[in-house]
Amino acid sequence: MLGAVPHAQVRSVLISGHIFLNSSLTEAFCIAILEAASCGLLTVSTRVGGVPEVLPDDMIVLAQPAPEDLVQAVKKAIDMLPGIDPQLMHLRILWKCNEFSSPQPTEVLHNLPLQSDPDS
């Protein structure tokens with residue numbers, strides 16, 4: 001547990017991980033899971049409030065707000081990790097955010113090379 005992280009260090013903390021765990025009991029719209037997904041993390045979150053609408057199903061594992069259910073959701077997320085491409089996840093969030101502020105987000109994505117293997 002890191003506690004409060006200075007704003008300037010949030011990205012470097014997030015990109016050092018693989019799974020972001022949000023265990024809120026109530027939540028309207030969780031910007032933290034959007035930030036985590038933008039950094040390429042698979043999210044595990046409680047199914048509360050508006051959380052289920054924030055990310056597509058393949059970017060989040062939802063659980064009931066109970067410890068046992070969260071443990072099962074984390075296990076499922078660990079099994080999903082080999083199929084997660086952090087770069088692609090970042091681009092999908094970027095596109096979704098730009099969808100509301102730019103008339104040409106699809107063109108931007110089409111012009112970016114997508115590499116699932118960072119060594120290729």
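Which helices each supply at least two residues of the lining of the largest pocket? In this predicted model, the answer is α1, which spans residues 10–14, together with α2, since at least two lining residues come from each of these helices. Of the two, α1 is the element that gives the most to the lining of the largest pocket, with a contribution of three residues. The residues that line this pocket are M1, L2, G3, V5, V10, V13, L14, F20, A32 and E35, and the space that lies within the pocket comes to about 280 Å³.

The setting of this pocket is a protein chain of 120 residues, of which 30% count as buried. Its secondary structure comprises five helices and three strands, and, read from the N terminus on, the elements follow the order α-β-α-β-β-α-α-α. Among the contacts between residues at least 6 apart in sequence, 42% join residues that are at least 24 apart.

The three strands form an open sheet in the order β1-β2-β3, and their pairing is parallel. The edges of this sheet are taken by β1 and by β3 (60–63), each of which has a single partner strand, so that one side of each is left without a neighbour in the sheet. From one strand to the next, the twist averages 15 degrees. Helix α2 packs on the sheet, where it touches β1, β2 and β3, and its direction makes about 175 degrees with that of β1. Helix α3, made up of residues 67–80, likewise lies across β1, β2 and β3, and it runs at about 165 degrees to β3.

In general, the strands of a sheet pair through backbone hydrogen bonds, and they do so in either a parallel or an antiparallel sense. Here, β1 pairs with β2 (residues 42–46) in the parallel sense over four bridges, and within this pair I19 stands opposite L42 of β2. Between β1 and β2 the chain passes through helix α2 (residues 31–38), and the resulting β-α-β crossover is right-handed. On the other side of the pairing scheme, β2 and β3 also run parallel and are joined by four bridges, with V44 having V61 of β3 as its bridge partner.

The faces of the strands can be described in turn. In a regular strand the side chains alternate between the two faces of the sheet. In β1, F20 and N22 make up a covered face, whereas I19 and L21 make up an uncovered one. In β3, I60 and L62 point one way while V61 and A63 point the other way, and all of them are buried.

Within β1, one residue of the covered face may be followed further. N22, which is found in this strand of residues 19–22, is buried because its relative accessible area is 9%, under the 20% that serves as the limit for a buried residue. When its neighbours within four places in sequence are left aside, N22 is in contact with E27, C30, I33, V44, S45, T46 and V51. Among these contacts, V44 is the residue whose bridge partner in β3 is V61. The other covered residue of β1, F20, is one of the residues that line the largest pocket.

Methods
Residues are numbered from 1 along each chain as its sequence is written. This is a predicted model: local features need pLDDT of at least 70, side-chain atom pairs count only at pLDDT 80 or more; totals for chains, interfaces and linings use all residues. Side-chain values use heavy atoms; hydrogens and water are left out. Buried means under 20% relative accessible area, exposed over 50%, partly exposed in between (1.4 Å probe, protein chains only). Contact means heavy atoms within 4.5 Å. Two strands pair if DSSP finds at least two bridges between them. A crossover is right-handed if, with the strands pointing away from the viewer, the path from the first strand over the helix to the second runs clockwise. Axes are lines fitted to C-alpha atoms, for helices over the stretch in contact, and angles run from 0 to 180 degrees between N-to-C directions. On a 1 Å grid over the protein atoms alone, a cavity is a set of points where a 1.4 Å probe fits but cannot get out, and a pocket is an open set with protein on both sides within 12 Å along at least five of seven lines; lining residues have an atom within 4 Å of a point. Grid points are joined across faces, edges and corners, and a volume is the space filled by probe spheres set on the points.
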